[in-house]
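Hi,

Here is the structure I promised to pass along. Have a look at it first, and then read on for what turned up.

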Amino acid sequence: MTEVRIRISTETRKQLEETLRRAFRAGDLALVKRVTALLAIGRGESVAGIAQGIGVSASTVYLWLHQVLAQGVDGLRVHWRGGRPPKLTPTQRRRLAEIVQAGPEAAGFPTGCWHALLLQQVIAREFQVTYNVQYVAALLHSLGFSFQKARFVSDHLDALARATWLAYTWPAWRQQATAVGGLVLFGDEASFAQWGSLGYTWAPSGQQPVVKTTGRRKAYKVFGLIEFFSGRLFFQGTSGKLESASYILFLTRVLTQTREPLFLVQDGAPYHRAAALKAFFAEHADRLHVTQLPSYSPDYNPIEFLWRATKRQATHNRYFPEFDTLIRTVDEALASFAAHPERVKGLFGLYLDHMADVATADLAIHATAA
């Protein structure tokens with residue numbers, strides 16, 4: 001058969017799309033196929049490809065085209081099929097949840113992200129049930145799923161060590177600090193680049209915001225500590241390298257500014273294991289107690305929320321022609337947080353919510369590995 005090319009007017013296309021929506025609501029799967037084919041012809045797709053995609057013969061597609069040309073869109077009558085499309089059985093719902101959790105690649109799709117159209121296809125393929133694409137989101141919510149942004153997890157992490165730290169090490173550390181009236185300090189370092197950072201902002205449609213940059217590969221580094229119970233912030237910047245000598249100076253300053261025992265939680269940065277730092281910790285063992293986060297676990301450190309908030313306030317979408325301007329801007333943002341510990345403490349709400357999700361994920365990873 002000779003391929004045809006039919007131009008569908010905007011008005012006819014809208015009528016077909018509305019007919020398709022009504023067919024979905026009525027559960028009229030035969031009409032769903034027919035209108036889907038007609039819309040595809042209007043987009044210039046080949047009849048052979050359309051027929052193969054919806055599982056009918058090419059002659060059937062030509063027949064549908066002839067009928068709509070003769071009778072118009074009004075001739076496409078929706079037949080009510082007894083309410084909404086058939087619901088999935090409890091067993092099918094559990095199976096769907098397993099498919100969603102396994103991910104789209106396991107289901108045969110070349111993508112790592114589920115979206116409603118893919119899930120609509122999976123449901124039709126696995127259970128021969130066609131849901132309106134708008135209903136798919138409601139169905140997933142009812143199965144305990146929500147639309148979320150993924151997060152990176154290092155392929156070197158030890159899920160058991162992370163779960164153990166959350167369940168035992170961290171609660172014991174808090175209890176020890178509470179018993180002696182100590183301060184629980186989460187420490188980390190951040191780097192703020194002179195070329196700036198990019199963030200979301202409102203702009204006219206079709207006009208992507210642009211931000212000037214010097215392109216200079218120079219950064220302002222900051223040591224930071226935040227106190228878990230009060231939100232108190234200690235910070236110190238440096239334009240040099242992050243190393244044990246400058247870290248010792250920072251910790252010495254914190255010791256002079258406090259009187260309570262300090263319970264420090266830090267990561268495994270190389271200079272944290274330097275001989276000079278070990279000697280410093282031994283010298284101040286009467287007041288300074290140190291524990292380490294599990295390897296590859298920056299997401300366990302609540303100060304990460306402070307760094308993100310600082311970049312949003314100080315460096316996102318901003319131009320720094322001079323390095324001194326960057327330093328001043330970052331220091332002002334951090335000084336503002338230091339003057340308002342309640343803002344820092346507010347970040348711990350995000351941290352605790354995040355940690356509940358992370359704990360569940362880590363236990364799942366460990367169970368899978370086991």
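Below is a run through the overall make-up, the cores, a few single residues, the salt bridges and a surface patch.

One thing to keep in mind throughout: this is a predicted model.

**Overall make-up**

The protein has 370 residues, and 39% of them count as buried. DSSP-style elements come to 13 helices and 5 strands. If you look at contacts between residues at least 6 apart in sequence, 70% of them join residues at least 24 apart. The accessible surface is about 21500 Å², with 55% of that belonging to carbon and sulfur atoms.

**The cores**

The largest nonpolar core holds 36 residues. If you want to find its best-connected members, go to Trp-165, Phe-186, Val-222, Ile-226, Leu-306, Trp-307 and Val-330, which have the most contacts inside it. Several elements each give two or more residues to this core: helices H8 (159–179), H11 (303–314), H12 (323–339) and H13 (341–369), along with strands S1, S2, S3 (233–238) and S4 (262–266). H12 supplies the largest share, at 7 residues.

There is also a second core, separate from that one, with 23 residues; Val-32, Ala-40, Ala-51 and Val-73 are among them.

Back in the larger core, Trp-165 is a handy place to centre your view. Beyond residues up to four places away in sequence, Trp-165 touches Trp-170, Pro-171, Phe-186, Val-265, Gln-292, Leu-293, Pro-294 and Tyr-300.

**Three polar residues that are buried**

Start with Thr-19, in helix H1 (residues 10–26). Why does Thr-19 count as buried? Because its relative accessible area is 2%, and the cut-off for buried is under 20%. Setting aside neighbours within four places in sequence, Thr-19 is in contact with Leu-31, Val-35, Val-73, Leu-76 and Val-78. Val-73 is also one of the residues of the second core. As for Leu-31, it sits 12 residues from Thr-19 along the chain, and the two C-alpha atoms are separated by 8.6 Å.

Next is Gln-194, which lies in the loop between S1 and S2. Although it is a loop residue, Gln-194 is buried, at 3% relative accessibility. Its side chain reaches the backbone oxygen of Pro-321 at 3.5 Å. The contact list of Gln-194, again without neighbours within four places, is Thr-214, Arg-216, Lys-218, Ala-219, Phe-320, Pro-321, Glu-322, Phe-323 and Leu-326.

Then there is Thr-329 in helix H12. Its relative accessibility is 10%, so Thr-329 counts as buried too. Apart from residues up to four places away in sequence, Thr-329 touches Ala-314, Arg-318 and Phe-320. Phe-320 also turns up in the contact list of Gln-194.

**Salt bridges**

Side chains of opposite charge can pair when their charged atoms come close. The count here comes to 6 salt bridges, and these are three to look at:

- Arg-13 and Glu-17 meet at 3.1 Å, N to O. The two are 4 residues apart in helix H1, so about one helical turn separates them. Both are partly exposed: Arg-13 has a relative accessible area of 34% and Glu-17 has 27%.
- Glu-126 pairs with Arg-125, with the closest N and O atoms 3.3 Å apart. Glu-126 is partly exposed at 33% relative accessibility, and Arg-125 is partly exposed at 43%.
- Asp-299 and Arg-162 meet at 2.9 Å, N to O. Asp-299 is in the loop between strand S5 (288–292) and H11, while Arg-162 is in helix H8, so this pair ties together parts that are 137 residues apart in sequence. Asp-299 and Arg-162 are both buried.

**A nonpolar patch on the surface**

Finally, which residues form a nonpolar patch on the surface? They are Leu-198, Val-211 and Tyr-319, with about 290 Å² of accessible area together. Leu-198 lies in the loop between strand S1 (183–193) and strand S2 (219–227), the loop that also holds Gln-194. Leu-198 is exposed, with a relative accessible area of 71%, whereas Gln-194 is buried.

Cheers

Conventions: Residues are numbered from 1 along each chain as its sequence is written. This is a predicted model: local features need pLDDT of at least 70, side-chain atom pairs count only at pLDDT 80 or more; totals for chains, interfaces and linings use all residues. Side-chain values use heavy atoms; hydrogens and water are left out. Patches are made of residues with over 30% relative accessible area and no salt bridge: like charges are joined within 9 Å, nonpolar side chains (Val, Leu, Ile, Met, Phe, Trp, Tyr) within 5 Å. Accessible areas come from the Shrake-Rupley method with a 1.4 Å probe; for residues, only the protein chains shown count as cover. A salt bridge is a side-chain nitrogen of Lys or Arg within 4 Å of a carboxyl oxygen of Asp or Glu. Buried means under 20% relative accessible area, exposed over 50%, partly exposed in between (1.4 Å probe, protein chains only). A polar contact is a pair of N or O atoms within 3.5 Å; within protein, one must be able to donate a hydrogen and the other to accept it, and residues adjacent in sequence count only if both atoms are side-chain atoms. Contact means heavy atoms within 4.5 Å. A nonpolar core is a set of buried Ala, Val, Leu, Ile, Met, Phe, Trp, Tyr and Cys residues joined through side-chain atoms within 4.5 Å.
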